[in-house]
Amino acid sequence: MSGRNRGNKSIVSSLTWLKTDGDIIQRMKRLIITLMLMTFFLAACAGSPPESGEIAPQEELAAAEVQETKTTLPRPTDEPAVTASPETEANTPEPAAETSATQAAEQAISVEPPTLTPLPAPTEEPVPLVISGQTDDGVFFLGDPNAPLTIIDYSDFL
Amino acid sequence: MLGTEPQVIDEYVQTGKVKLVFWPVINHNDPSIYSTLTAQCVGRQDPEKFWVVHEMLFTEQRDLWGADRDYFVNTAVAAGADQAAFESCYDDPNALAEVLQLDDIRRQRGIHGQPMFDIAGTIYGGAPPFESFAEVLDALLLSAGE
């Protein structure tokens, strides 16, 4: 009988240990689930759009427009296209590349033809068009004194 | 030349190809004399204003036939001239003599009608259209290497 009792005690003891192991497993499971949930929430928060949801698309659009503008800038017709050799690309840091792109853009802009400035309305005080002066003879001229051609207009005001 | 003058100025004078000189011709006695005197006296104050009053006088050509001293003074002031200085010039016999002398010189040059144009030493008469001016000027500029 005592041997039987001893056997029962060891079984109970084993069951107790099993019960303890089961608690640990349960706790581990809860911890893992909690960690997974936290990870999920963190990932969800990081990937969500900003509160002003309409700004981000505009910024993206603006960035796209800037990119498009850069690619459509005219290139001077009398200068060769600016192409970097592989050596240059390998040795030149990115900021320098941006600078050269800016310079190329500035050169392209400088090639554009000058715009004409409209003359003021004729009702305002007349503005002299070109140089005017008086010759040694005492008559008046208009234009470059050293112009290649001279027209003498002999006229009566009547 | 007034009709074609703006185009000639725009395309040839403003571009530095041509210098335009106005030489007065006295064909109609006092109206011509005092119109020219007005332009000369305004130009003495400021050559730029000469071209202003030059255009005004041509534009108001019909009024010049009956114009008096007050008319010319008002015209000069409207062109931006100082009135006192202008009247002093207008009433100066020497200024009048200079106007008559300019007319004598053009006669000596064989200019007996108007308008006439001396372009690089060749005299052209009448009032040619702008295209005729352009043809002559372009040919001369081409031969001059311009």
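This passage describes how chains A and B meet in a predicted model, and how the sheet and helices are arranged.

In the interface, 29 residues of chain A are in contact with 48 residues of chain B. On the side of chain A that touches chain B, strand S1 (132–134), strand S2 (140–142) and strand S3 (149–155) each supply at least two residues. S3(A) gives the largest share of that side, with seven residues. By class, the residues of this side of chain A comprise 17 nonpolar, eight polar and four charged.

Strands of both chains form an open sheet of six strands with mixed pairing. The order of the strands is S1(A)-S2(A)-S1(B)-S3(A)-S2(B)-S3(B). The edges are taken by S1 of chain A and strand S3 (122–125) of chain B; each has a single partner strand, so one side of each is left without a neighbour in the sheet. On average, neighbouring strands of the sheet are turned by 25° against each other, direction ignored.

The pairings can be followed from the edge formed by S1(A). S1(A) pairs with S2(A) in the antiparallel sense, over three bridges, and Gln134(A) stands opposite Phe140(A) in S2(A). The pairing of S2(A) with strand S1 (residues 18–24) of chain B is antiparallel and has three bridges. Here Phe141(A) has Val21(B) in S1(B) as its bridge partner. S1(B) and S3(A) run parallel and are joined by seven bridges; in this pair, Thr150(A) has Lys19(B) as its bridge partner. S3(A) also pairs with S2(B), in the antiparallel sense and over four bridges, with Tyr154(A) opposite Met116(B) in S2(B). S3(A) is largely enclosed by the rest of the structure, because five of its seven residues are buried.

Two helices of chain B lie across strands of this sheet. Helix H1 (residues 5–13) of chain B lies across S2 of chain A together with S1 of chain B, and runs at about 145° to S1(B). Helix H7 (residues 130–143) of chain B lies across S3 of chain A together with S1 and strand S2 (116–119) of chain B. The angle between H7(B) and S3(A) is about 150°.

Helix packing was also examined within chain B. The axes of helix H2 (residues 29–45) of chain B and helix H4 (residues 69–78) of chain B come within 10 Å and cross at roughly 30°. That angle makes H2(B) roughly parallel to H4(B), and the crossing of the two helices is right-handed. In this contact, Tyr34(B), Thr38(B), Cys41(B) and Val42(B) of H2(B) meet Phe72(B), Thr75(B) and Ala76(B) of H4(B). The contact of H2(B) with H4(B) consists of five nonpolar and two polar residues, with no charged residues.

H2(B) also packs with helix H3 (residues 47–59) of chain B, where the axes come within 6 Å and cross at roughly 155°. H2(B) and H3(B) are therefore roughly antiparallel to each other, and their crossing is right-handed. From H2(B), the contact residues are Ser35(B), Thr38(B), Ala39(B), Val42(B), Gly43(B) and Gln45(B). These meet Pro47(B), Lys49(B), Phe50(B), Val53(B), His54(B) and Leu57(B) in H3(B). Six nonpolar residues, five polar residues and one charged residue make up the contact of H2(B) with H3(B).

Conventions. Residues are numbered from 1 along each chain as its sequence is written. Chains are lettered from A and ligands numbered from 1 in the order in which they are written. This is a predicted model: local features need pLDDT of at least 70, side-chain atom pairs count only at pLDDT 80 or more; totals for chains, interfaces and linings use all residues. Axes are lines fitted to C-alpha atoms, for helices over the stretch in contact, and angles run from 0 to 180 degrees between N-to-C directions. Angles under 35 degrees count as roughly parallel, over 145 as roughly antiparallel, 65 to 115 as roughly perpendicular and the rest as oblique. A crossing is left-handed if the near helix is turned anticlockwise from the far one by less than a right angle, and right-handed if clockwise. Two residues are in contact if their C-beta atoms, placed from the backbone, lie within 7 Å. Ala, Val, Leu, Ile, Met, Phe, Trp, Tyr, Cys and Pro count as nonpolar, Asp, Glu, Lys and Arg as charged, and the others, Gly among them, as polar. Two strands pair if DSSP finds at least two bridges between them. A residue is buried if 20 or more other C-beta atoms lie within 10 Å of its own, exposed if 12 or fewer, and partly exposed in between; C-beta atoms are placed from the backbone.
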